[in-house]
Amino acid sequence: MQSIERLKEIDRRWAERWSRERVFEADPDQRKKVFVTFPFPYMNGPLHLGHAFTSTRVDVYARFKRMQGYNVLFPWAWHLTGEPIAGAAERVKRGDEAQLRIFREVDGVPEEELEKFTDPEYIARYYIREAKKVLHELGHSIDWRREFTTTSLNPAFSRFIEWQYLTLKERGYVSKGTHPVVWCPHDASPTGDHDRLSGEGVSPTKFVLLKFPFEDAYLVAATLRPETIYGVTNMWLNPEATYARVRVDGEVWIVSTQAVPKLKEQKEGVESEGELSGAELIGRHCTDPVSGRKVLILPASFVDPDSATGVVMSVPSHAPYDYVALKELQQKPEVAERYGVRREELLGIEPISLIETPGYGEHPAIEVCEQMGIETQDDPRLEEATERVYRDEFYKGVLRENTGRYAGMRVEEAKDRLVADFTEQGIADVMYELMEEVVCRCGTRCLVKILKDQWFLKYSDEGWKAKVREALANMRILPEEARASFENTIEWLEDKACARKGGLGTPLPWDPEWKVETLSDSTVYMAFYTIAKHVNQGRVNGEKLSREVFDYIFYGKGSPEELAEACGTSAEVLEEMRREFLYWMPVDLRNSAKELIPNHLTFFVFHHVALFEPELWPRAIAVNGMISIEGHKMSKKAGNFITVRRALEEYGASVTRCALMYASEGMRDPDWSAKRAMDMSSSLSSFFRLVEELVDRKEWREEERNIDRWLRSRVQRHVREATMSLEEMRTRSALQAALFDFHNDMRWYLRRDVPHRETCMHALRVWVRLLAPFAPALCEECWSMLGGEGFVSTAAWPEFREEELSPEAEAGEELVMQTYEDVQSIISVTRMKPSRIFIYTAPEWKWRVLEEVQRQERREFSEIMQRLMQQPELRERGGEVAKVLQEMLKAEPKDVLRVRELEVLSEAAEFFRRAFEAEVSVYSAEDAERYDPQNRSARAMPLKPAIYIEK
RNA sequence: GCAGGGGUGGCCGAGUGGCUAAGGCGGCAGACUCAAGAUCUGCUGGGCGCAGGCCCGUCAAGGGUUCAAAUCCCUUCCCCUGCACCA
């Protein structure tokens, strides 16, 4: 507890110094640049650990690259576009308790602030103010001079969006269209998934309406299978339902009363002209518009007046519901007779087959119902039966002779043609319906509305997609596994509405009642960071930034002299802005959560390729998993919402950052747990304590030993691992190397021998720098204790030095470790308390045998033996050689480095002595003077010294 | 349902064909301490062994390929993300 307070104090102190000394402000210079971005957060609440996870990844990368000597820009901005902030203000005005409670209890907004939350701008300003403090304390290396907000609250940004949309439109990427949406009649706005009480994931389904002439009107059947009209035998109406006569675009339609309000949102000039009951329609006839046949209207309980038009055409050959309902009715004709249906006519109805499907006979619906034993129209399994028949017929079915011009076509291909033809002939129309009930958050049941004259981004455009694919192919995607998701998204992406009517935002320049929608105004704003700095510094009037000015800055079009005055600046400033834009662009890394791949991150690429030349296309996108808290999804509702503020209060920046970065990498979802945060806190404290101890240390060893070469070699391994991992944003692996593995080696080093000052200090200086991107403030503290120059944040990243790797030293140290374990294992098995330990290293000739084995590709005893016997010294002891060779051939082949065993183990003797509290002697097996009462030394093998222990 | 990513020891997680699993946490034992904490040391799937060793088991489940599989293929189950006008 004490130590965590100390870490927090260090974190705060250094965050202060960084901003006081403007360490992270970045301007163009001679160096190579790296431009990293985090998707600006939406400011309707405080930053939470999910934000911190992603943003810390960006910061770690920024810090890493900065230390590598790049000129790094990490800017920040705030997203205000859209409905939620405005909606929240509205709810506060209405005194909505649930909303107030969230602000108060989850976000921790003080009462005196809450009063002012009726103003959306105030809410945004409040959260921005808080979030900025939090990011500062978290130690993010942000250049705050470039900060901005979106929407018309920031005129300069609006000018930028206007430029963007005018350009997109001019280049043919924007079009006007009409589209069905899930709509709340009460809110008078589209109802997205998150705005729903129920019906998540439900989207409009397109029904084809087939108009069956009926007296002066049309009976309008809704179907998903319009091709089956060739097999129609009768119509179904629900006798309990009420139907309406509706005027639609000059015609009179008969549909269920429930369908009328739906049609009003989807069709022109819809007016109700009176009602009639289902019962009174039954028994009468309408006309099949294709064949002109008379079609009898029959009663059916399965017909749902709430679904589409409440009128169903009956195709018993291919629709299980229709078949079962017809069979039931024919078995009890008296039911139908009550509605005035003539018995003979009813009994005379026979299924008409129109699709031929491999694996089925003439009437698939009948077959399937009989197979499944379905007897009544209320049987729930009818859904499954319908699904099966539909799917098989759709993919495998072929239309029969009785389908006129469509005969012989596959259902899959005929369907669209037929609908187009029927529509042209005035027989068919469309209606959208929700297959499940959708209820808006306001409690109103939603329906489908056709939104007219909406503005769309033409993401379906093949030429556009081709450029996006090209950009993607040249981009680094981290982790690489995420690439497939991007490719997929590009594949299925269709036109996307890009403007809305409600909420905050920038009006579309050519149609100002629409505002540019949030996912659309967040696509190329990274370019704006280069401009925001100049606007914020008052060097140019942001409100007056015209399209022509942006064209100059971004494209170099026009003359700065002519443009300068109109926007309150000089040609020099405009030229500088253009240079700055060219310097920082393109974006070198954008990082976000994987949930944004199908929208924002892909749109980000779309807009870049639409607006900029390939040199300015983004270079890399990184994605990460979604944070969970103690194993559960984080949500305000669940009450496990953790703000960054709270994490900082409890653990401070260094611990929070490291705990997050160690929680996961790649696409894996990180989990935050209080326990693991505490573990991280002890790891960092322990690191810090070690640095302090060594800085204060007085006792050092003078001469250099194998253990020092070993440590230097290990240090290089960690440098290499941390560097390579960070290049790919693998923060967990990097931290594993830079904190834990490094720490373990330091522990071993200090345990093994009195440390060598230079080696030790060298290791510490590397260590502190490797850890600096993760725990920057703590490392600044250590850096200054170690006498490092300036800030560690701008110190040089340790470069991997291959020449410092020493496989020999590592092999030597492994020999020490192995020998240590062997002694230990003997002690534990024999349960003896040793007083004297003798170690015998392998004789020279055994090494020679081993080396011969390694030289030979074939591990063939006689061949190798023959070669060995050519050496006289070995020949003398042929019997022994044979035994040793056999043993070596039994072992797994592996590369072995020659180690000066006697020297290495002698150096380690003192360590063994301390560890085992016993006298330790190291001999060569060839040493004539050795003490070896049981002749153990005979068993010494290379890298496996013989051991003899006395009680 | 469709698409993408996953499922490894009590827990977090390395590991993508070859000495059957890195590191951390937790647990147990010991050292230090009046004690607790911190720290250090050893053990931590099961079994056997008074000389460094051996045997068995294990990577969601089942099947297959291979001399050899956590790793490759097939099937099933489970989890995460997305499926659009939400940010």
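Biologist: By class, how many nonpolar, polar and charged residues has the surface near RNA strand B?
Modeller: The model is predicted. Near RNA strand B the surface holds 16 polar residues. The other two classes are nonpolar, with 21, and charged, with 22.

Biologist: Which residues are the closest to RNA strand B?
Modeller: In total, 59 residues surround the strand. The closest of these are Tyr42, His179, Arg500, Asp669 and Lys675.

Biologist: Of the atoms of RNA strand B within 4 Å of the protein, how many belong to sugar or phosphate?
Modeller: Bases make up the rest of these atoms. One sugar or linking oxygen lies 2.6 Å from a polar side-chain atom of arginine 732. The share for sugar or phosphate is 69%.

Biologist: Where do base nitrogens of RNA strand B meet histidine 179 and isoleucine 949?
Modeller: For isoleucine 949, the partner is a polar backbone atom, 2.9 Å from a base nitrogen. For histidine 179, the partner is an N or O atom in the side chain, and the distance is 2.6 Å.

Biologist: Which element gives the largest share of the surface near RNA strand B?
Modeller: Several elements supply at least two residues each, among them α17 (483-492), α24 (674-696), α26 (731-752) and β32 (946-950). α29 (807-830) is also on that list. The largest share is 7 residues, and the element is α29.

Biologist: What is the radius of gyration of chain A, against that of a compact globule of 951 residues?
Modeller: The C-alpha trace spans about 125 × 80 × 50 Å along its principal axes. The chain has 34 helices and 32 strands. A compact globule would be near 30 Å, but chain A has 39 Å.

Biologist: How many of the contacts in chain A with a separation of 6 or more join residues 24 or more positions apart?
Modeller: Of the 951 residues, 56% count as buried. The accessible surface comes to about 41,300 Å², with 47% of it on carbon and sulfur atoms. For contacts, the share from residues 24 or more positions apart is 75%.

Biologist: Is threonine 523 buried or exposed?
Modeller: Threonine 523 sits in the loop between β24 (511-516) and α18 (526-536). Beyond its sequence neighbours up to four places away, it touches Gln164, Phe603, Phe604, His607 and His608. Its relative accessible area is 0%, under the 20% cut-off, so threonine 523 is buried.

Biologist: Which side chain makes a polar contact with the side chain of threonine 523?
Modeller: A polar atom of the threonine 523 side chain lies 3.2 Å from the backbone oxygen of serine 520. The side-chain partner is also at 3.2 Å, and it is glutamine 164.

Biologist: What is omega for the cis peptide bond that joins leucine 478 and proline 479?
Modeller: Proline 479 is in the loop between β20 (476-478) and α17. Another cis bond runs from methionine 585 to proline 586, with omega near 0°. That proline lies between α21 (571-584) and β25 (589-593). For leucine 478 and proline 479, omega is about -5°.

Biologist: Is leucine 943 buried or partly exposed?
Modeller: Leucine 943 is in the loop between β31 (919-924) and β32. Its phi is positive, about 65°, although it is not a glycine. Its relative accessible area is 25%, so leucine 943 is partly exposed.

Biologist: What is the relative accessible area of methionine 729?
Modeller: Methionine 729 lies in the loop between α25 (706-727) and α26. Phi is near 60° there, a positive value in a residue other than glycine. Methionine 729 is buried, and its relative accessible area is 2%.

Conventions: Residues numbered from 1 in each chain as written. Chains lettered and ligands numbered in written order. Predicted model: local features only at pLDDT ≥ 70, side-chain atom pairs only at ≥ 80, totals over all residues. Heavy atoms only, no water. Near = heavy atom within 4 Å. Polar contact = N/O pair within 3.5 Å; in protein donor to acceptor, adjacent residues only side chain to side chain. Helix = DSSP H or I, 4+ residues; strand = E, 2+ residues; numbered from the N terminus. Nonpolar A, V, L, I, M, F, W, Y, C, P; charged D, E, K, R; others polar. Rg over C-alpha atoms; globule rule 2.2 N^0.38 Å. Buried < 20%, exposed > 50% of the residue type's maximum accessible area, 1.4 Å probe, protein only. Contact = heavy atoms within 4.5 Å. Areas by Shrake-Rupley, 256 points an atom, 1.4 Å probe, with all protein chains shown as cover.
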